[in-house]
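Please open the structure in a viewer and set side chains to be drawn as sticks. The tour below proceeds from one selection to the next.

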Amino acid sequence: MAIKLLAEDDRPREKFLQKGKGSLSDSELLAIIMGSGNREEDALELARKILASVNNSWHQLSLLSAKDLMKFKGIGESKAVSIISALEIGRRRAVQEIPEKTIIGNSHDAYVVLRNQLSDLRTEEFWAILLNSNNKVIHVSQLTQGGISQSIVDVRTLYKTALDHFSTGIIIAHNHPSGSLKPSREDINITQKIKEAGNTLSIQLLDHIIVTQDSYFSFSDSGLL
């Protein structure tokens, strides 16, 4: 059933135009993205079912692949791509809203800078925050994708980037898609290698953050640096 065939009170597009975007529920927003439902369910009903399957969490929805979404009747490849693209736009917008020259005073400040990049990923990525002598963020950089084990070969890349931006301190971070906050032996070994390389270049490794969907672990806070 197309959006235009819904009852007047249930037309998300009309509600958007009459009352504004803030008046829309999560299911209404998702219904607009999908445009239509299936033969048994209208767009709103289908949107509610999809959101209910992920506990009404946009974060959990963002973890679903196109194949996952296409398991719902009425969601084909085109709709699945539209949903995933809309969520990716939201993620990128959040990334762009990181205030320039943010001062990092503690591990939570670092987590806030990186959580939008790392919290919802299904594979591991390795990032770095570069800081000046006043602990102000001067650059945020992604270094690897696909696994923390690959980051060893990128120690030179990390410090080349730091030198290019005249950074005096760095904070590294990677995510654990499993949700575990416990650092692995490999995580600890890599942290030590990066710290030792930084000491040689007089660039201090200030912290290593492990990010999950709703929390983080700090090497510095835990006495592992």
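**A tour of the salt bridges**

Select lysine 160 to begin: with a relative accessibility of 53%, this residue counts as exposed (exposed is over 50% relative accessible area, buried under 20%, and partly exposed in between, using a 1.4 Å probe and protein chains only). The model is a predicted one, in which local features need pLDDT of at least 70 and side-chain atom pairs count only at pLDDT 80 or more, while totals for chains, interfaces and linings use all residues. Residues are numbered from 1 along each chain as its sequence is written, and side-chain values use heavy atoms, with hydrogens and water left out.

Add aspartate 164, which forms a salt bridge with lysine 160, the closest N and O atoms being 3.0 Å apart; the term denotes a side-chain nitrogen of Lys or Arg within 4 Å of a carboxyl oxygen of Asp or Glu. Aspartate 164 is partly exposed, at 46% relative accessible area.

Next, select glutamate 40 and lysine 73, whose side chains meet in a salt bridge of 2.6 Å, N to O. Glutamate 40 is exposed, with a relative accessible area of 52%, and lysine 73 is likewise exposed, at 53%.

Move on to aspartate 68 and lysine 71, where the side chains form a salt bridge of 3.9 Å, N to O. Lysine 71 is exposed, with a relative accessible area of 69%. Now add Arg122 to the selection: Asp68, Lys71 and Arg122 are linked in a network of salt bridges.

How many salt bridges are there by this rule? The count comes to 7.
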